[in-house]
Every structure is written in C-alpha cells, then in structure tokens.
Amino acid sequence: MKGQAFTIILISLILLLADAYFIGGIRAAFRKKQFSHKKWFIQAYWTVCILLIAATILGIYVKIPVGARAAILLTFFLLLIIKATFLPFILADDIRRLYIWLTRRNKATVLQTDNPIQRSEFLMKAGLIAGAVPLASLGFGIVSGAYDYRVRYQTLYLPNLPKAFDGIKLGQISDIHSGSFYNKVAVKGGVELLLREKPDFIFFTGDLVNVQTKEVYGYQDIFSKVKAPLGVYSSLGNHDYGDYYTWPNDAAKRKNLDDLKAVHKNMGWDLLCNTNRRLKVDGEEIGILGMENWGELSRFPKYGRMDLTVKNTDDLPVKLLLSHDPSHWRAQVLPHYPQIDMVFAGHTHGMQFGVRTPGFQWSPVEYIYKEWAGLYQQGKQQLYVNVGYGFFGLPGRVGILPEITIFELRSTAAPLSNKA
C-alpha cells in the first residue's frame, strides 16, 4: 500500500512538472495575447490539470462507473499525446535560448541578428500545430474509421478437437450497436466482407443495439444475410436488455427484450441464452455454449448462469463458449469451469481508440480490462476478444478498427512459438 501511494505521488509530481513546462510554452506562443497572462486563465489551466490527474488516478485505482472511467482515461491520454508532441518544441526553444545566452556571455560585443521573441513564438505555435495532429486524427477516425472493416485471421489450436472439425472455418462479429450507424451502404459492405470469407459457422457475441430493439429494424434486412452452412449462433450483451433506458413499466421492458429475441430468430440466428447446442460434422460433435451477459464490473448486469449453460455437455470433447464480457473468463471460467476450451467475447471495443499492429497493441481500455483485444491463453483454456463491428459513444474509431474475425480450427497442439 505504501509503495502504491509513493508511485501515485511520484507520477502526480512528474505530471504537474510537465504541466508547468507546458503552460510556459502556451504563454510563449501567445505572448502578445492578453488572455495568456490573465489570472483566470492560469487558475483555470491548473484546475483542469489537477482535476484530470486526480480523476485518472481514481479511474485506475478505484472502482468507478466504467463509462466515466473510459471517458476520463480517453481524455487524459489524448491530452497526454498532445502535450508529448508539444514538449519537444518547448525544449528546442529553451536550448536555443541557452545557446544565445552563453554566446552573448562569452562575447564582449554581440551583433543582434535574431529576435528571440519572434523565434520563440514561431517555435511554440509550430508545437501547438503539431500537438493538434492527434485531434485531427480523431476527427479523421470519426469520418473514416467507423466503417473501415478489417478481417483478422487467427488459428485456434484445440488438441481435443475431433478430426472432422480440423480445418473448419469460424467467423465472429460482435457489438453491432445498430443504433449508432449512419451509413447503411457501409454496414452492408462489412457483411459482404464477412461472407466472402465463406465461414462454415458464425458467432455473434452480443450488443445488437444500444438501448432499444427498434434501432435494429432498419438493418435487419442486412444482417439477415449473415448465414453459414453450419449455422449462426448468437448471445446477448449488456446493451441488449434495455437496462439503459427508462421504461414506463416492467412490461414494456420485457416486451423490448422479447422483440430483440424475435429479431435474432427472424434473421435465422440461433440465440443461446444460458443454453447450448451440439454441432455435428461427419458423426462427430463439439459443444457451442451461449451464456447471457455477465460482467465482473458492478455496472454491468449479471444475467448469465454457467450452471445452466454447461448442462449436459460433459461428454463433448470441445466446448466453445459465447460470453459477451471478457471479464467473465477470468472471474468464473478459469477458476470454476476448466472444461471450457475457448471463450469468444467482445464488449470492450478497444475503447475505439489506440494502436493495434501485428506486434503491438495499446488502448486506454487496458487499464479497465486485462483482456481487451485478441487471443489470450492460460493453461489449456483460451479467450478471444473481438473489438467490435459497430461503435458506441465516440461516433467512430481511431487506430482500433472494426473487426471481422476468421478462425481456422486445428485439432493439434499449438506450436511452441504460439504458446502463451
């Protein structure tokens, strides 16, 4: 506890020192503007800086509503990137000033050839322009990243997988959030991209809507085209239950959920609510299990019942579980259900902001969810987190692009280089 407190204090002091350096650059950039030297401006600047640092520390170390935590972390890291881009310009100007001072100190006569104020203003304004690039990227992401669907390929090694399933192709999409869409043509293009991969069966791991079932009606014709020879299996996410809407009565809320379940059925998707199916190929079977939403964080509903979900599946050699919230894997599956081979989740969206390359990925959401994007393994059990097909909150994506995942199932052990 003492070590953690020391770390928090040290980080806070470093951030405050950086902010002090940063405001100096702002005042230099706007030297001729009166506002930069006003008392109210300085007070407002330090108030925002201190509150944001405090809120970020709370967001990392204290359990607060995850939506507020996500907003705080996104704001903090976006501003941190802007400041980190600007600070080298301030440092360059300070080095320039030091050089001029040393030169003039060592010379009896100095020929004045430079206007230090103009040169400082130029450097500081150039730094602010460079610092604005992340904001421009955010705007570009809102426009272009929202529907920039990417297919990600992943081999799943399942040693107990029956030979009849070796090489079979599985597709996954998650977090459609149809209430956020504003480009129907682009949404259709993503579905066509999925179908071009010709998966043998498909999983949808929850959050068809934002708050109400009626949001999906305008897109039901598009997602009805999501078909596969061995079926499409789906589960519910935290947004699907209508918990984030004020209903006139309980009956209206129940009808909304019933209507959403009917949409899954009308689209030909097999919705699994704390139940399972046996998928048979050439006389051999595996289990497809689907649990209702269960989130470890207090804000998210816990409708899932693993005891019901695994019922009558003991004889199946491989069990694939659809569970929307990846925190369920570590909270329940790993400690209590060792028979589950693989969990497919979504929910995090990768916060729709970050960096994701073949060898590296980062997003502020990693300070909320330990498993937030891609494949994870512990012992013989695996988890895959899809970062989502749609978007929610931020009307776009920057760096963390909408995902269609295509898995190839293999009935062998993973090569040593692939093991976690």
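Which residue lies over the face of Tyr219? Select Lys184 and you have it: Lys184 sits 5.9 Å from the ring centre of Tyr219. (A charge counts as over a ring if NZ of Lys or CZ of Arg is within 6 Å of the ring centre and within 35 degrees of the ring normal.)

Before we move on, a word about the model. It is predicted, so local features need pLDDT of at least 70 and side-chain atom pairs count only at pLDDT 80 or more, while totals for chains, interfaces and linings use all residues. Residues are numbered from 1 along each chain as its sequence is written, and side-chain values use heavy atoms, with hydrogens and water left out.

**Stop 1: the rings**

Stay with Tyr219 and add Tyr147, Tyr149, Phe181, Tyr182, Phe223, Tyr389 and Phe391: together with Tyr219 they form one aromatic cluster. Rings of Phe, Tyr and Trp (its six-membered ring) pair if their centres lie within 6.5 Å; planes under 30 degrees apart count as stacked, over 60 as edge-to-face and the rest as tilted.

The structure holds 20 aromatic pairs. Try Tyr45 and Trp46: the ring centres are 5.5 Å apart and the planes meet at 85°, so this pair is edge-to-face. Tyr45 is buried at 11% relative accessible area, whereas Trp46 is partly exposed at 25%. (Buried means under 20% relative accessible area, exposed over 50%, and partly exposed in between, with a 1.4 Å probe and protein chains only.)

Now return to the cluster and pick Phe181 and Phe391. Their centres lie 6.1 Å apart with planes at 75°, so they too are classed as edge-to-face. This pair links distant parts of the chain, 210 residues apart: Phe181 is in the loop between strand S2 (169-173) and helix H6 (184-196), and Phe391 is in the loop between strand S13 (381-385) and strand S14 (403-410). (Helices, H or I of at least four residues, and strands, E of at least two, are DSSP runs numbered from the N terminus.) Phe181 is buried at 9%, and Phe391 is buried at 2%.

For another charge over a ring, select Lys302 and Trp294: the charged end of Lys302 is 5.1 Å from the ring centre of Trp294.

**Stop 2: the six-stranded sheet**

Next, colour the strands in the order S1-S14-S2-S3-S4-S5, which make an open sheet of six strands with mixed pairing. At the edges are strand S1 (150-157) and strand S5 (270-271), each pairing on one side only. Strands of a sheet pair through backbone hydrogen bonds, either parallel or antiparallel. Two strands count as paired if DSSP finds at least two bridges between them. S1 and S14 run parallel and are joined by eight bridges; look for Tyr157, which stands opposite Arg410 in S14.

**Stop 3: salt bridges**

Arg410 is a handy doorway to the next stop, as its side chain meets that of Glu408 in a salt bridge (3.8 Å, N to O). (The cut-off is a side-chain nitrogen of Lys or Arg within 4 Å of a carboxyl oxygen of Asp or Glu.) Glu408 is partly exposed at 33%, and Arg410 is partly exposed at 29%.

The whole structure has 13 salt bridges. Among them, Arg356 and Glu403 meet at 3.0 Å, N to O. That pair spans 47 residues, with Arg356 in strand S10 (residues 355-357) and Glu403 in strand S14, and both residues are buried. Then show Arg150 and Asp148, bridged at 2.9 Å, N to O: Arg150 is partly exposed at 42%, and Asp148 is partly exposed at 28%. For a network of salt bridges, select Arg278, Lys280, Glu285 and Asp315.

**Stop 4: strand S13**

How many of the five residues of S13 are buried? Five of the five, so S13 is largely enclosed by the rest of the structure. Gln381, Leu383 and Val385 are buried on one side, and Gln382 and Tyr384 are buried on the other.

Bring in the partners. Strand S9 (residues 342-345) runs parallel to S13 with four bridges, and Ala345 stands opposite Val385. Strand S12 (residues 374-378) pairs with S13 in the antiparallel sense over five bridges, with Gln378 facing its bridge partner Gln381. The S12 and S13 hairpin has two residues between the strands, and Gly379 there takes a positive phi near 65°.
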